[in-house]
Amino acid sequence: METSTVEDATPTRVALVTGARGGIGRAVVARLAAEGIEVVATDRDEPVAGDASSLPEGAATYLAADLTQSAACSHLIDQVVERHGRIDVLVNNAGFQHVSPVAEFPDDIWDAMTAVMLDAPFRLAKHAWRHLEASGSGRIVNIASIHALVASPLKSAYVASKHGLLGLTRVLALEGGPAGITANAICPGYVRTPLVEGQLEDQARLHGIPADEVVDRVMLEPAAIKRLVEPDEVAEMVAYLCGPHTRSISGAALTMDGAWTAR
C-alpha cells in the first residue's frame, strides 16, 4: 500500500496578483507559478489572446475586476476562495501614473489613482484577512515605489498613494504578526514597464527637455546605479518574500533603487 508523504499532504498555495497584465504583474505571475503556487491574476480588462500584455500561457487563471469599485474588491476575494478554496498570498501591484502640477491635477484622476493604489490594497487585505490567517503563513506583498519614501514634483496622487500604502503595510505587519501573516512593501526605482515609458512625453513637456533625455536627466539622476530596474528583478523579490525563510521579515520597505535613498 502506498503511503503519502508530507509533501503530498501539503495543499497547493494560492496567490492573488493584481495589475497582472502590466510589466511587473506579468513577471510576478510567471515567477510565483514557477514556484508551484496556484496564481489567480487580475486586471481591469480581460486579456486578449496574442496581445503583448497577455499572461504567460498556463501560468494563471484570470479574473477581471475594476479595483476602483469597493464592491469589486470583496467580490474578487470571494471568487478566488470559491474557485480555489483558499488564499495564501496577496500581491497588490495594480497602479497607474499621471503627471501634472497640483494646480492642474484632475480630481477624477486623483480619485481613481488613490482608489486603485491605496483603497484597493486595504479592501483586498481586509476581505482576505481571515483566509490569510487560516493559511498560517499568509503573505501580503505591496508593490510600492521609491515614491513611498521620497517625493517628486508633478506626481501628487502617486506619491500620496504610495506613502499611504507603506503606512498600511506597517499596520498590516503589526496586526498580522500573531497570525503568522507578514506584510512588506517593495520600493523599486523606475522599472522598465509601459507605465514608465508612458511618462516620457509628459515629463519632457513639463521639464522642457527632449523625451529621449528624460530617463537619464530625470528618472535616473538621483540614483548611483544608472539603470532601470527590470520587472523580473522585482518578481524575484516577491517570490523571496513569499518563501519559507521570511517569517521574520515583516513591515519592511525593501528598496531596489540604485542607492537613490542612500543620500
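## The parallel sheet

Two strands are said to pair if DSSP finds at least two bridges between them. In this predicted model, four bridges join strand E6 to strand E7, and these two strands run parallel. One position where they meet can be named, since Cys-187 stands opposite Thr-255 in E7.

The pairing of E6 with E7 belongs to a wider arrangement, in which seven strands form an open sheet in the order E3-E2-E1-E4-E5-E6-E7, with parallel pairing. The edges of this sheet are strand E3 (61–64) and strand E7, each of which pairs on one side only. From one strand to the next, the twist averages 20°.

## A residue in strand E1

Val-17 has its place in strand E1, which covers residues 14–18. Because its relative accessibility is 0%, Val-17 counts as buried. Val-28 is eleven residues away from Val-17 along the chain, and the C-alpha atoms of these two residues are separated by 7.6 Å.

## Helix H4

Helix H4 runs from residue 107 to residue 135 and so has 29 residues, which at 1.5 Å a residue should span 42 Å. The C-alpha atoms at its two ends are 39 Å apart in the model, and this agrees with the expected span. H4 nevertheless has a bend of about 55°, placed at Trp-129. After the helix comes Gly-136, whose phi is positive, near 85°.

## Two aromatic pairs

A pair of aromatic rings is described by the distance of the centres and the angle of the planes. The structure holds two aromatic pairs. In the pair made by Phe-105 and Trp-110, the ring centres are 6.4 Å apart and the planes stand at 85°, and because planes over 60 degrees apart count as edge-to-face, this pair is described as edge-to-face. The two partners are not equally covered: Phe-105 counts as buried because its relative accessibility is 9%, whereas Trp-110, at 33%, counts as partly exposed.

The other pair is formed by Tyr-190 and Trp-260, and it is stacked, with 6.1 Å from centre to centre and 20° between the planes. Tyr-190 lies in the loop between strand E6 (182–188) and helix H6 (194–197), while Trp-260 lies in the segment after strand E7 (253–256), so the pair ties together parts that are 70 residues apart in sequence. Tyr-190 counts as buried because its relative accessibility is 9%, and Trp-260, at 11%, counts as buried too.

## Cysteines without disulfides

A disulfide is a covalent bond between the sulfur atoms of two cysteines. The structure holds zero disulfides, and the distances between sulfur atoms help to show why, given that a disulfide requires two cysteine sulfur atoms within 2.5 Å. For Cys-73, the closest cysteine sulfur is that of Cys-242, and because it is 19 Å away, it is too far for a bond. For Cys-242, in turn, the closest cysteine sulfur is in Cys-187, at 16 Å, which is again too far for a bond.

Cys-73 counts as buried because its relative accessibility is 1%, and Cys-242 likewise counts as buried, with a value of 2%. Cys-187 also has a place in the description of the sheet, where it stands opposite Thr-255 in E7.

Methods:
Residues are numbered from 1 along each chain as its sequence is written. This is a predicted model: local features need pLDDT of at least 70, side-chain atom pairs count only at pLDDT 80 or more; totals for chains, interfaces and linings use all residues. Side-chain values use heavy atoms; hydrogens and water are left out. The expected span of a helix is 1.5 Å times one less than its number of residues. The bend at a residue is the angle between axes fitted to the seven residues ending there and the seven starting there. Rings of Phe, Tyr and Trp (its six-membered ring) pair if their centres lie within 6.5 Å; planes under 30 degrees apart count as stacked, over 60 as edge-to-face and the rest as tilted. Buried means under 20% relative accessible area, exposed over 50%, partly exposed in between (1.4 Å probe, protein chains only). Axes are lines fitted to C-alpha atoms, for helices over the stretch in contact, and angles run from 0 to 180 degrees between N-to-C directions.
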